[in-house]
Amino acid sequence: MEDLQDVVIIGAGPVGLSLACALADAGFSVTVVERQPRAALANPAPDGRDIALTHRSAGILHCLGLWQRFPAEEIATVREARVLDGESPLFLRFDAHGSGHAALGHLVGNHVVRKAAFEAAAARASVTLLDGVRVERVQPLGEVAEVRLAGGRALRARLVVAADSRMSETRRQVGIGAELRDFGRDVIVCRLQHDAPSDGIAYECFGYDRTLAVLPLNQRLVSSVVTAKSDQAAALMRLPAREYATLVRDQFGARLGDMRPAGERHAYPLLAVYAHRFAAHRFALAGDAAVGMHPVTAHGFNLGLYGVDSLARVLIAARDAHEDIGSLEVLSRYEADHRRATRSLYLGTNALVGLFTDDRAPARAARAAVLAIAERLPPLKAAITRRLTGALVQHTRKRATL
Ligand SMILES: Cc1cc2nc3c(=O)[nH]c(=O)nc-3n(C[C@H](O)[C@H](O)[C@H](O)COP(=O)(O)OP(=O)(O)OC[C@H]3O[C@@H](n4cnc5c(N)ncnc54)[C@H](O)[C@@H]3O)c2cc1C
């Protein structure tokens with residue numbers, strides 16, 4: 001049996017590694033267990049995702065030393081966002097005006113985030129990474145929890161945090177259920193080169209068959225995000241690359257001129273997941289394992305980072321008050337805080353997806369009404385903008401740790 005750790009984190013994804021950094025900086029000993037080999041973590045392959053980051057997330061990443069590791073040319077600025085409904089000339093427009101920021105947020109490739117997170121965690125002496133090994137079982141044993149690895153090795157910790165993806169095996173194994181919504185659709189992400197300048201404008205185009213997001217990157221590149229029913233998505237994945245780029249260009253009304261392939265296509269099934277609980281005795285959930293968002297509002301990783309901030313604050317306060325960091329009483333504070341930060345956005349995102357992908361006449365009328373009303377209601381737009389930038393959460397809560 002190995003030395004007792006303060007915290008064992010399962011999953012060296014961007015959330016697990018960010019949490020490891022935050023806890024190590026607060027003086028906790030941390031072991032991260034990851035089934036992928038170290039080489040894949042150190043040099044993650046591009047996976048097509050470009051992650052929209054709020055200002056609050058940028059602040060957290062900065063405090064953890066990840067932001068500084070992003071190459072400047074990999075950070076793109078989003079100045080404005082427009083929501084379009086089918087062929088309608090109406091659109092809803094958001095910008096940073098009045099928010100106190102020069103831009104709505106930033107976009108960074110997921111592989112860039114993952115690489116920076118790995119390097120930042122590897123640079124901390126109190127973080128131990130066990131790579132290339134799967135966690136098989138987590139068991140609370142009173143004062144400690146035992147984490148059993150494939151191959152028979154066992155770790156002991158005062159707290160185990162599972163950040164092992166939205167289909168978390170550990171969540172299931174410890175008996176925590178989850179709401180799961182399968183949208184029956186896949187999202188295809190792919191970088192495209194274009195001719196006309198994007199001016200930092202992000203577009204969300206709700207078509208009736210497919211939705212399309214076009215996110216501005218640097219050097220006349222955009223990240224295209226196509227959502228289609230799973231059978232149609234499979235056919236789209238089979239199209240020759242040039243034909244696919246032309247199809248995106250046409251759906252986008254050639255607003256940025258011609259489009260050409262600039263990266264591989266990657267497809268992801270659209271599943272939203274919300275765990276029934278985020279905490280149990282000696283156990284907590286973080287990242288997608290707690291809340292797996294539909295990507296349309298671009299908040300999955302952002303909410304994961306807010307959870308890192310919240311959990312770190314709760315654990316530091318508990319330690320300083322000589323409380324047991326693995327007790328359900330302590331972890332329930334994190335659960336309550338993270339639920340407050342995520343629940344309405346999770347439900348709102350799912351409702352928005354339902355409204356904007358429903359092809360029936362009443363839904364079409366409701367969509368047009370929503371866009372018209374929201375465009376004419378500055379307070380509503382300001383509230384949505386605060387959500388987009390992360391300012392809502394940032395301004396209403398005190399940040400004690402990060
Ligand atoms: C197309 C797309 C676009 C997105 N765009 C945005 C965006 O714009 N903004 C945003 O905020 N979010 C976005 N997201 C969401 C974001 O990518 C996720 O929220 C984020 O990657 C979750 O990180 P994580 O660390 O929780 O989980 P993951 O990245 O899933 O990492 C989990 C890790 O756990 C490991 N693991 C799993 N099981 C075990 C086990 N038993 N033992 C050991 N290791 C294990 C896995 O190998 C993996 O490394 C997007 C998602 C998609 C699919």
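In this predicted model, strands β14 and β15 form a hairpin in which four residues lie between the two strands. Within the turn, Q219 has a positive phi of about 55°. The pairing of β14 (residues 211–216) with β15 (residues 221–229) is antiparallel and runs over six bridges, and one of the residue pairs that can be located in the structure is P216 of β14 with its bridge partner V222 in β15. Strand β14 also pairs with β13 (residues 201–206), again in the antiparallel sense, over four bridges, and here C205 has L212 of β14 as its bridge partner.

The surroundings of β14 can be described residue by residue. In a regular strand the side chains alternate between the two faces of the sheet. In β14, T211, A213 and L215 point one way, whereas L212, V214 and P216 point the other way, and all of them are buried. The strand is accordingly described as mostly covered, with six of its six residues buried.

C205, the bridge partner of L212, is itself buried, because its relative accessibility of 8% falls under the 20% limit. C190 is likewise buried, since its relative accessible area is 2%. A search of the whole structure nevertheless finds zero disulfides, a disulfide being a pair of cysteine sulfur atoms within 2.5 Å.

A further buried position is found at L270, which is located in strand β17 (residues 266–275). L270 counts as buried because its relative accessibility is 4%. When residues up to four places away in sequence are left aside, L270 touches R181, D182, F183, G184, R185, D186, V187, T227, H294 and P295. Among these contacts, G184 is 86 residues away from L270 along the chain, yet the C-alpha atoms of the two residues are separated by 6.9 Å.

The ligand is surrounded by 33 residues, of which E34, R49, A52, D288 and F301 come nearest. Several elements contribute to this shell: α1 (14–25), β3 (50–53), β12 (178–194) and α8 each supply at least two residues. Polar contacts to the ligand involve both side-chain and backbone atoms of the protein. A polar side-chain atom of D288 lies 2.7 Å from an oxygen atom of the ligand, while a polar backbone atom of A52 is 2.8 Å from a ligand oxygen atom. A nitrogen atom of the ligand, in turn, is 3.4 Å from a polar backbone atom of G300. Taken alone, the ligand exposes 1000 Å², and the protein buries 93% of that area.

Positive phi values were also found in two loops. A254, which is not a glycine, has a positive phi near 50°, and this residue is placed in the loop between α7 (241–251) and β16 (259–261). A254 counts as partly exposed because its relative accessibility of 39% lies between the limits of 20% and 50%. H322, also a residue other than glycine, has a positive phi of about 60° and is placed in the loop between α8 (300–320) and α9 (328–356). H322 counts as exposed, because its relative accessibility of 76% is over 50%.

Key
Residues are numbered from 1 along each chain as its sequence is written. This is a predicted model: local features need pLDDT of at least 70, side-chain atom pairs count only at pLDDT 80 or more; totals for chains, interfaces and linings use all residues. Side-chain values use heavy atoms; hydrogens and water are left out. Buried means under 20% relative accessible area, exposed over 50%, partly exposed in between (1.4 Å probe, protein chains only). Contact means heavy atoms within 4.5 Å. Two strands pair if DSSP finds at least two bridges between them. A residue is near a molecule or strand if one of its heavy atoms lies within 4 Å of it. A polar contact is a pair of N or O atoms within 3.5 Å; within protein, one must be able to donate a hydrogen and the other to accept it, and residues adjacent in sequence count only if both atoms are side-chain atoms. Accessible areas come from the Shrake-Rupley method with a 1.4 Å probe; for residues, only the protein chains shown count as cover.
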